[in-house]
Amino acid sequence: MPLAPGVVLVTVPGGGLAVRTPDGTFLRVDTAGTEPHAATALLSGRPAPDRAPAATPGTRPGPGPGTRPAVDSSPEPNPDSSPEPGPDSSPEPNPEPGSDRLTAAFAEAGYTGDTPPPPLTGRTVAVLGDPVLTAPLTRFVRDAGGLTRTVTPEEAAALDGDRTAVVWCLDGPVPPGLWDDADRLPDRGTAWLRTHREGAHAWIEPPATGPGDVTSAHVRLRRLAATPAHRELAALWAGHGTPDNGPRHSEASAALTAALLTADLLAWAAGAPPAVRRRLRRLDLRDLAVTGHPVLPVPDVAPLPAPASGAVPPTPAPAPAPGPAPSVRPA
């Protein structure tokens, strides 16, 4: 059986055999007397890249610095066994001591096995939006084993299924109401991911994978609450501004944005922990700096009670006095 992906056997000169796990940790292997070169050939099915110098007769290689025991294939001691044979005794030879136990121990530790399927195998990702972003995203999803399809906004809003995700990519601001229907996708179990650009910043919103997750409406409300320029920001989103003139996505920023969306898709396929579903990221297109911001869903607000019969309507507020001469200042 081959070694599991990312597992590497290392013959340490004068130190026996070690295994490097996929996360980069080095662990010492007790080969139960099997020579490290032979153990490497046994476990990997191919000759070891180098042969470690033989240990001094009668000694056993110890662990190197920064290592700890990983796989122990030594047989259990037998208290009833006879004393060690003398110089005139002739014990039976054992050509491959502990080889079966060694392979079994590696299999039990998860260090052998076939390559697992790609992480998005069996998942469908519906993509729509601007090609500068959807093209690299489609390539990345297919490379991860997922199926992709291009849909219209109406088709995206009607999708249903817990193995389906919708990713909407915009190289510009979000027109008012564009994502309202798609915000209902998580209530039906369909994952909902999106990104858009405002000037020199691209926003990668958190993936919504089920009821109660963060939607695009929640992100807008949280951003308005976090800035003193909430009136100006709301007016910009409502379309009361000059046309957005960039800077638009470059090939590098588009690839990075698509990679971040793909990372969220991989997290969705693996269960998407709350830390991923509560993370809003901002990408600066000028230097490709990415910052993360925690964001929470906004609970529904109870409706205001109906006015009592005969209640006096509120008096309109007086018009504000004329202000100073027009000027430009920070909001």
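This section describes the overall organisation, the largest pocket, the ring interactions and selected residues of a predicted model.

The protein chain of the predicted model contains eight helices and 11 strands. Of its 331 residues, 37% are buried. Among contacts in the chain with a separation of 6 or more, 68% are made by residues that lie 24 or more positions apart.

The largest pocket encloses about 420 Å³ of space. Its lining comprises 15 residues, and those nearest the centre of the pocket are Trp203, Arg223, Thr227, Leu233 and Arg282. Two or more lining residues are contributed by each of strand S9 (201-204), helix H5 (216-225), helix H6 (230-237), strand S10 (279-284) and strand S11 (290-294). Helix H5 provides the largest share of the lining, with three residues. By residue class, the lining consists of eight nonpolar, three polar and four charged residues. Two of the residues nearest the pocket centre, Trp203 and Arg223, also interact through a charge placed over a ring: Arg223 lies over the face of Trp203, at 4.0 Å from the ring centre.

Helix H5 also holds His218. With a relative accessible area of 17%, His218 falls under the 20% limit and is therefore buried. When neighbours within four places in sequence are left aside, His218 is in contact with Asp213, Pro297 and Val298.

Four aromatic pairs are present in the structure. In one of them, the ring centres of Trp168 and Trp192 are 6.3 Å apart and the planes meet at 70°, so the arrangement is edge-to-face. This pair joins distant parts of the chain, since Trp168 belongs to strand S7 (residues 164-169) and Trp192 to strand S8 (residues 191-198), with their positions 24 residues apart in sequence. Trp168 has a relative accessibility of 6% and counts as buried, and Trp192 is likewise buried, at 0%. A further edge-to-face pair is formed by Trp179 and Trp192, with a centre-to-centre distance of 5.7 Å and an angle of 90° between the planes. Trp179 is located in the loop between S7 and S8 and Trp192 in strand S8, so this pair ties together parts of the chain 13 residues apart in sequence. Both members of the pair, Trp179 and Trp192, are buried. Through these ring pairs, Trp168, Trp179 and Trp192 are linked into a cluster.

A charge is also found over the ring of Trp268, where the charged end of Arg123 sits 4.8 Å from the ring centre.

Proximity in space between residues separated in sequence was examined at two helical positions, Arg101 and Ala157. Arg101 is placed in helix H2 (residues 99-109) and, at 41% relative accessibility, counts as partly exposed. Its C-alpha atom is separated by 9.1 Å from that of Thr31, although the two residues are 70 residues apart along the chain. Ala157 is part of helix H4 (residues 153-157). The relative accessibility of Ala157 is 19%, under the 20% limit, so this residue counts as buried. Ala157 and Asp181 are 24 residues apart in sequence, with a C-alpha to C-alpha distance of 5.8 Å. Asp181 is also among the residues that Ala157 touches, together with Leu185 and Arg188, when residues up to four places away in sequence are not counted.

Backbone geometry was considered at two loop positions, Ala272 and Leu288. Most residues other than glycine have a negative phi. Ala272, by contrast, has a positive phi near 45°. This residue is located in the loop between helix H7 (251-270) and helix H8 (274-277), and it is buried, with a relative accessible area of 2%. Leu288 also has a positive phi, of about 60°, although it is not a glycine. The position of Leu288 is in the loop between S10 and S11, two strands that each give two or more residues to the lining of the largest pocket. At 34% relative accessibility, Leu288 counts as partly exposed.

How values were computed: Residues are numbered from 1 along each chain as its sequence is written. This is a predicted model: local features need pLDDT of at least 70, side-chain atom pairs count only at pLDDT 80 or more; totals for chains, interfaces and linings use all residues. Side-chain values use heavy atoms; hydrogens and water are left out. On a 1 Å grid over the protein atoms alone, a cavity is a set of points where a 1.4 Å probe fits but cannot get out, and a pocket is an open set with protein on both sides within 12 Å along at least five of seven lines; lining residues have an atom within 4 Å of a point. Grid points are joined across faces, edges and corners, and a volume is the space filled by probe spheres set on the points. Helices (H or I, at least four residues) and strands (E, at least two) are DSSP runs, numbered from the N terminus. Ala, Val, Leu, Ile, Met, Phe, Trp, Tyr, Cys and Pro count as nonpolar, Asp, Glu, Lys and Arg as charged, and the others, Gly among them, as polar. Rings of Phe, Tyr and Trp (its six-membered ring) pair if their centres lie within 6.5 Å; planes under 30 degrees apart count as stacked, over 60 as edge-to-face and the rest as tilted. Buried means under 20% relative accessible area, exposed over 50%, partly exposed in between (1.4 Å probe, protein chains only). A charge sits over a ring if NZ of Lys or CZ of Arg is within 6 Å of the ring centre and within 35 degrees of the ring normal. Contact means heavy atoms within 4.5 Å.
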